[in-house]
Amino acid sequence: EVANEALSEGIKEHNIDLVARPTLDVKEADDEKAVLVFTCTVLPEVTLGEYKGLEVKKGRVTVAKKDIEAQVENYRHQFAELTTKENGEVAKGDTVVMDFEGFIDGEAFEGGKAENHSLEIGSGQFIPGFEDQMIGMTCENEKDVVVTFPEDYQATELAGKEATFKVTVHEIKEKVLPEADDELAKDVNIEGVETLDQLKDHIKAQLKSQKENEVENKFFSDLTQALIECCKVEDSEALLNSELDTMLREVEMNLQQQGLSFELYEQFTGKNKDAIKADLTDQAKDRVKLNLILAAIVEAENIEVTDEERNSELETIANTYNRDLEEIKQIFAQNMYQIDADILNRKALDVVKENLKK
């Protein structure tokens, strides 16, 4: 009880911003008095550089005609029909129905055999070189396809080894592409799209929006990197570890949204939590530095959050998640600092943007 009270008073007296739980060393303790020493991890020092006048350019957004035509071509392939080649040869783009069995040093290996397997030639589903060697085969034609498994092949017992596959083709199907016309536009089944011209307009709008996002993301990345490089921030192991824990939780949440458990992800990738944290360390360091720099700009520029801005932020959250505004206010009532921190960071970044070198 004494320690908690002393810590609380000490934090107020010395105006300390704690970033981790303090450690306590009891120097003396008897019935009359206690001498307590708290070691506190505080916010690292930030030295702001010339954050006004940074040279960062935002790219331009253009949608090329060839990009629109490429998407129309994708739709043609998407709605193509497969027809059987009666007396033809296997060509790139054809789908074959085949039997195959693989051998290494004359011995069949597990997982190397299938019957009536469908494969699109040129899709890259099989080991490099396999599909190319099938080009020119005819129905009921048997052929030995010789390939070498990649060195990083997931089945380690096969990695780097040469294998011979005995392949028999039973059926060859070729794609018959529909015409790029109004009927194709209707088949795509997009609301308000009935003609090819309308489909192209829709594709153009989609590509423009996609490119705008890419340009904005690139601009944000370049801007924040320039900001980090122009300022000096003391390292903080406590903040770094906290940020790594946050990022690891983000990874787990993303996996859950995809229906994957962390254990299954670890089996697929061979990476445990420590390995993932190691991969994320540089990104986490930049996140910590950026947040500290923006907080320093907020202080330097005397930036504040208005009630109007706070309410607007809460309304945006309510609309995004289709929830009642009052419900959102109750959820954030005890954690309004999170809302304020987001607004302050954005306003600090706006100051940097507004003062970019022309």
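What follows covers the nonpolar cores, one helix pair and the cysteines of a predicted model. Local features need pLDDT of at least 70 and side-chain atom pairs count only at pLDDT 80 or more, while totals for chains, interfaces and linings use all residues. Residues are numbered from 1 along each chain as its sequence is written, and side-chain values use heavy atoms, with hydrogens and water left out.

The largest nonpolar core (buried Ala, Val, Leu, Ile, Met, Phe, Trp, Tyr and Cys residues joined through side-chain atoms within 4.5 Å; buried is under 20% relative accessible area, exposed over 50%, partly exposed in between, with a 1.4 Å probe and protein chains only) holds 34 residues. L54, V56, L223, L227, I293, I297 and V352 touch the most other members. Among the helices (DSSP runs of H or I, at least four residues, numbered from the N terminus) that give two or more residues to this core are α5 (196-230), α8 (273-300) and α11 (336-354). A second, separate core has 22 residues, including V96, I104, L119 and V167.

Back in the 34-residue core, V352 is in contact (heavy atoms within 4.5 Å) with Y51, L54, L223, L227 and I297, leaving aside residues up to four places away in sequence. V352 also belongs to the α11 set L344, N345, A348, L349 and V352, which meets N291, L294, I297 and V298 of α8. That contact splits into seven nonpolar, two polar and no charged residues.

As for cysteines, the disulfide count (sulfur pairs within 2.5 Å) is zero. The sulfur of C230 has its closest cysteine sulfur in C231, and at 3.5 Å that is too far for a bond. C230 is partly exposed at 24% relative accessible area, and C40 is partly exposed at 26%.

Definitions and conventions:
Nonpolar A, V, L, I, M, F, W, Y, C, P; charged D, E, K, R; others polar.
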